[in-house]
Amino acid sequence: SQAYFTVVNLQHKNEDYINSFAPVRLLLISLIGCGFMIQVGHWLQKTGFLKWLRVIGYHSLYIYLMHLIVIAGARVIMAHVLGIKNVPVILFFAVGLGVTIPIIIYNLCTRLHAWWLFSLKKPEAEIRHYAAMDAAV
């Protein structure tokens, strides 16, 4: 459906052709894309393939809240402190850090009973999980 969308827009030499002149086609293309993503999500859950995506999805709010700060900091450090000017390298490492560091910070804050930084409701299950881990050590 996305290929069709692109071909039709390119044929009419108007970037907004589908939006302006064929809203029913745009709706159909959008619904096909949404349905496809839902199917992929169900398939991934059913097969257990790429389980690490579930961890990222669970922490998506915390990633969203912190990723710009982490990415900007990583970019400044890499470009100005380390002297790295290669854009793909900076992009790869900055985005990787922008996803992993917020997950680490959230889990660390929850473990240190600073859950209130991210939620109005105390995450009882996570606190019990960390307490059990600490007791086992």
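Which helix gives the most to the lining of the largest pocket? In this predicted model, helix α3 does, with 3 residues. The legends below begin with that pocket and then turn to helix α6 and its surroundings.

**Figure 1. The largest pocket, lined in part by α3 and α4.**
The space in the largest pocket amounts to about 230 Å³. Two elements, α3 (23-47) and α4, each give two or more residues to its lining. The lining residues are Gly41, Leu44, Gln45, Gly48, Phe49, Leu50, Lys51, Leu53 and Arg54. Sorted by class, this lining holds 4 nonpolar, 3 polar and 2 charged residues. A general principle underlies such a view: rolling a probe the size of a water molecule over the atoms shows where empty space is left.

**Figure 2. Leu50, a pocket-lining residue with a positive phi.**
Leu50 belongs to the loop between α3 and α4 and is among the residues that line the largest pocket. Its phi is positive, about 55°, although Leu50 is not a glycine. Most residues other than glycine have a negative phi. Leu50 counts as partly exposed because its relative accessibility is 31%, a value between the limits of 20% and 50%.

**Figure 3. Helix α6 from end to end, with its buried residues.**
Helix α6 comprises 25 residues, 87-111. At 1.5 Å a residue, α6 should span 36 Å, and its end C-alpha atoms are indeed 36 Å apart, so the expected and computed values agree. The buried residues of α6 are Ile90, Ala94, Gly98, Pro102, Ile103, Tyr106, Cys109 and Thr110. Among the elements that cover these buried residues are α4 (52-58), α5 (60-81) and α7 (124-136).

**Figure 4. Ala94 of α6 and its contacts.**
Ala94 lies in helix α6 and is buried, because its relative accessible area is 3%, where buried means under 20%. Leaving aside residues up to four places away in sequence, Ala94 touches Ile71 and Ala74. Gly73, in helix α5, is 21 residues from Ala94 in sequence, and the two C-alpha atoms are 8.4 Å apart. Gly73 itself counts as partly exposed, with 31% relative accessibility. Trp115 is likewise 21 residues from Ala94 in sequence, but there the C-alpha to C-alpha distance is 26 Å.

**Figure 5. The largest nonpolar core, with Tyr106 among its members.**
Six residues make up this core, namely Tyr62, Met66, Tyr106, Cys109, Ala114 and Phe118. The elements that give two or more residues to this core are α5 and α6. Not counting residues up to four places away in sequence, Tyr106 touches Tyr58, His59, Tyr62, Met66, Phe118 and Glu126. Of these contacts, Tyr62, Met66 and Phe118 are fellow members of the core. Leu117, in the loop between α6 and α7, is 11 residues from Tyr106 in sequence, with 8.8 Å between the two C-alpha atoms. Leu117 counts as partly exposed, at 48% relative accessibility.

**Figure 6. His59, a buried loop residue.**
The loop between α4 and α5 contains His59. With a relative accessible area of 7%, His59 is buried, because the limit for that class is under 20%. Apart from residues up to four places away in sequence, His59 touches Ile103, Tyr106 and Asn107. Ile103 and Tyr106 are among the buried residues of α6.

**Figure 7. Thr110 and the contacts it makes.**
Thr110 is placed in helix α6. At 1% relative accessibility, Thr110 counts as buried. Setting aside residues up to four places away in sequence, Thr110 touches Pro123, Glu126, Ile127 and Tyr130. Thr110 and Glu126 are 16 residues apart along the chain, and their C-alpha atoms are separated by 7.5 Å. Glu126 is also touched by Tyr106.

**Figure 8. His113, just after α6.**
His113 is found in the loop between α6 and α7. Its phi is positive, about 60°, although His113 is not a glycine. His113 counts as exposed because its relative accessibility is 51% and the limit for that class is over 50%.

Note on methods: Residues numbered from 1 in each chain as written. Predicted model: local features only at pLDDT ≥ 70, side-chain atom pairs only at ≥ 80, totals over all residues. Heavy atoms only, no water. Helix = DSSP H or I, 4+ residues; strand = E, 2+ residues; numbered from the N terminus. Expected span 1.5 Å × (residues − 1). Buried < 20%, exposed > 50% of the residue type's maximum accessible area, 1.4 Å probe, protein only. Contact = heavy atoms within 4.5 Å. Core = buried A, V, L, I, M, F, W, Y, C linked by side-chain atoms within 4.5 Å. 1 Å grid on protein atoms, 1.4 Å probe; cavity = no way out; pocket = protein on both sides within 12 Å on 5 of 7 lines; lining within 4 Å. Points joined across faces, edges and corners; volume = space filled by probe spheres on them. Nonpolar A, V, L, I, M, F, W, Y, C, P; charged D, E, K, R; others polar.
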